[in-house]
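Open the model in your viewer and keep the selection tool at hand. This tour moves from stop to stop.

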Amino acid sequence: MDSSGRVLQFDRNAAAVLSPDGNGLLGAHLDEIIPGAREPLLGALKAGRERTTMLAMETASGGTLDAVVTVHPLNGSAPEIAALAVVRVPVPLADRFVDPAVIRRALLDDALPRIGSTLDLEMLARGLMDVLVPHFCNSGGLLLLESHLDADEQPDGPDGPQLRRMAIGFDDDDPAWDATFPTGESVVYPPGTPYAQCVVSGEAVLRALGGDGAAALAADLRRPPVGDLLKGASMLLLPITSAAGVLGFFVCTRTVAHRPFDAYDVEIGMEFANRASIFIESARQYSRERATALTLQRSLLPTGLSAPSPVEVHHRYLPGSRLIEVGGDWYESIALPGARVALVVGDVAGHGVKAAVTMGRLRTAIHTLAGLELPPAEALERLDSLMRTLGEREPHFATCAYVVYDAVSGRCEVASAGHLPPLLAPPGAEPEYLPVPPAPPLGVGGDGPIVSREFTVEDGTLLFLYTDGLVENRARDIDDGLARLRGVFGGGGARSLDDLCQAALDGVYDDEHRDDIAMLVARLARIPADRHATWELPAEPAAVRRARGLVRDRLSRWGLDDLAHPTMLLASELVTNAIQHAGGRIRLRLIREGGLVCEVFDSSDGRPRVRHREDGDMKESGRGLHVVGRLAQRWGVRRTAEGKVVWCEQELPRSRMN
C-alpha cells in the first residue's frame, strides 16, 4: 500500500478471500476492504513501527470474519510503497482440508510438541484427538490394544485382538457419536473390516464409504447408527507402532462435504501417527510402571489392624500427588498377648518402588519384632541394624515412632527414631506433643542407644501418630502444621476417629506437591476390672498350691469352669519355674481378653527354654515348658524393667468370647 492506503500488490490468498473475481483489490483502499483499517495504517506510518488490531470484515461470500490486521511500515527503494498489511483470518470450514501445508503445520508443528509432554495416557489420547479434529478430519477415534495396556491381557482373544477406545472426536455436536462409539469400550473388530486389516498389516488403510459401504460396515459391526454417521464418508486408518509392535490405530473420517483423503493425506497422517506413537509408548510404559508400583505399595500396606477390645484404632493413608504418589509411609496396629497393642508409624526416605520395597521390609521386621515382644527402644535398635545392612549396597534411612500400650495397667511406652513426636490428647485437657528422647533416623547410626519413655494415660486419651507429609509442605512451615494439628485435636475427645482423621486432612488434598501421608489414631482405654486379676505370691513351694486355688476360683466366677483344670496346670508349671529359677516375689495375672492369658512375673531376665538331651529325651528341668507348649494355644516370654514375664494363652469357648 502507499501512504494513503491504496493497495499496490496482493497475494492470491488475499484475492480469494477478499475479492470475488480477484481483480477488485488492485487500486482499492484498505479501509474500503476492511472497515476501520485506516487508523492502524496511519498509526504505523506515524510511529514508524507495526500496529496490530482485530477488525470484522466481510468475505466474498457475504459472511463476516474476525480478522487480525497487522500493518508493517516499509522503507525501501520504492518510495510509493509505504506499508505491508498482513491479514489473518480463520480458514473457512469448507476449505480447511484443502491446503496440505496448513494441515501439516496444524498437525505436526503447533500442538503436538505441547501435548507430548503429558504421561497420562487418557489425557494424551484426548489431546491427540483434539489435534486431529478439526485440523485433519471431521470425526475420529484412538484405539489401543488391550494387551499393551494390561499386562495380564492375552495378545489375542478367541475372536481376535481386543482394543480399547481411548478417545473420540467429532465437530458436529451430534450425541450419536458418543452413543455409537463410547469412550472406554473394549471391542473386537470382525476379520475383513478396515480396523482388523490395519491391526494385522500395521499399514495405513484408506476406504471410501460411498454407496453401500457405510451400510456394509454397520452390518459388520452390528451397529445400525454407523450407516448414517459414516454415509459417503472417506475413512483413513493410521497404525500406531513401536518396538513392541502395533499398539493400535487412529481412525479418521471426512464427510461428503469435504475433500476425501488422498495419498498426500496418508503421508501427513502417517507422520503424525509415527510421532504420536513415541508419546503413546512413553505414556503406556509410564502407566504400566506406575500401576506396578502402586500395586506393590498397596499390597505392602496393612489390610487390617488389630487391637484389644477397649482400644479403638483408626487409620488413614493418602497417596502423594501425581508427581510423587508412590512413597514409603506406613502404619501398623498389632495386638499383643496380655491385652497390649503395638502402634507404629514410619516413613522411608524417598519415593518410588525402592521406597515401597524398603517399607515392606520394615513392616515385616516390625511384625517379627513385635512377635518377639521386644520393648520399643530395642525393636527400633534392631530396625536400625537392618537398615544399616540394607544400606551396604544402597543408602537407606527411615524414621519411625513405636508405641506399646498395656490395656490392663494403662501404661504406654514410646520410642522414636528421627520421627515427629506423637500427639497425646487426654480427655478434658489440651493436646500435647510427647517429649520423646530424640534419636537419629534408622540407618543413619548414632553414638548412643535409643531410649524410650513410659507414662500412664487416662481412659479416653487420644494418641495420634503421623508422618511429616501431614504437617509440612513447600508453602507452610512445619511449626504451623503442628499448631494446626493441635487445634484439630483440641476438645476432640467426643468426636469419632474418622472425623478427626478427616479434619486432620482438611486443606491437604489440594496440594499438588504433597508427600504421601500415613496416620494412626487410637482412643486408649483399659479393659474392665472384672476381666483381669493379679496376685502376689511368695517364692516358696506352697505358692504353687495357692496359685491353683486362685485360678480355680477366678475361672468359676468368670463361668470358665471347662478351662479350670488346664489353666491350673499351666499356672502351677509357670509358678514352679519362677520359684526354681528366679526367686523373690512372684506375680500371677489372669486376663480374659480375646483369649485366656495366664502371666507369671518374676525378677529374673533369663529366658526359659525347652531343652533336650542328645538321645532325644527331654531334660527334667524343661518338662514344665513342654507341658505348657502342649496345653496352651501359644506361649512366650517378654522382658520388663524388673525382670521378665512368661505367659501362655488358651482359646476361649465361643460363648465366652465377650
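Select D477 first. This residue sits in the loop that links β18 (461–466) with α15 (478–489). The model you are viewing is predicted. Is D477 buried, partly exposed or exposed? Its relative accessibility is 43%, so D477 counts as partly exposed; the partly exposed class lies between 20% and 50%.

Now add E472, D479 and D480 to the selection. Together with D477, these residues gather on the surface as a patch of negative charge.

Next, select residues 595–602. This is strand β22, and it is mostly covered. How many of its eight residues are buried? Eight of the eight are. Check one side, where G595, V597, E599 and F601 are buried. Then check the other side, where L596, C598, V600 and D602 are buried. Both faces of β22 are therefore covered, with buried meaning under 20% relative accessible area.

Keep β22 on screen and add residues 586–593. This is strand β21, which runs antiparallel to β22 and is joined to it by seven bridges. For one pairing, pick I591: its bridge partner in β22 is V597. Now look at the turn. β21 and β22 form a hairpin with one residue between them. In that turn, G594 has a positive phi of about 80°.

Last stop: select residues 644–650, strand β24. β22 and β24 run antiparallel, and seven bridges join them. Which residue of β24 is the bridge partner of E599? Select W647 to see that partner. E599 also belongs to the buried residues of β22 you checked earlier.

Terms used. Residues numbered from 1 in each chain as written. Predicted model: local features only at pLDDT ≥ 70, side-chain atom pairs only at ≥ 80, totals over all residues. Heavy atoms only, no water. Patch = residues over 30% accessible without salt bridge, like charges linked within 9 Å, V, L, I, M, F, W, Y side chains within 5 Å. Areas by Shrake-Rupley, 256 points an atom, 1.4 Å probe, with all protein chains shown as cover. Salt bridge = Lys/Arg side-chain N within 4 Å of Asp/Glu carboxyl O. Lys, Arg positive; Asp, Glu negative; His and termini not counted. Charge placed at Lys NZ, Arg CZ, Asp CG, Glu CD. Helix = DSSP H or I, 4+ residues; strand = E, 2+ residues; numbered from the N terminus. Buried < 20%, exposed > 50% of the residue type's maximum accessible area, 1.4 Å probe, protein only. Pairing = 2+ DSSP bridges.
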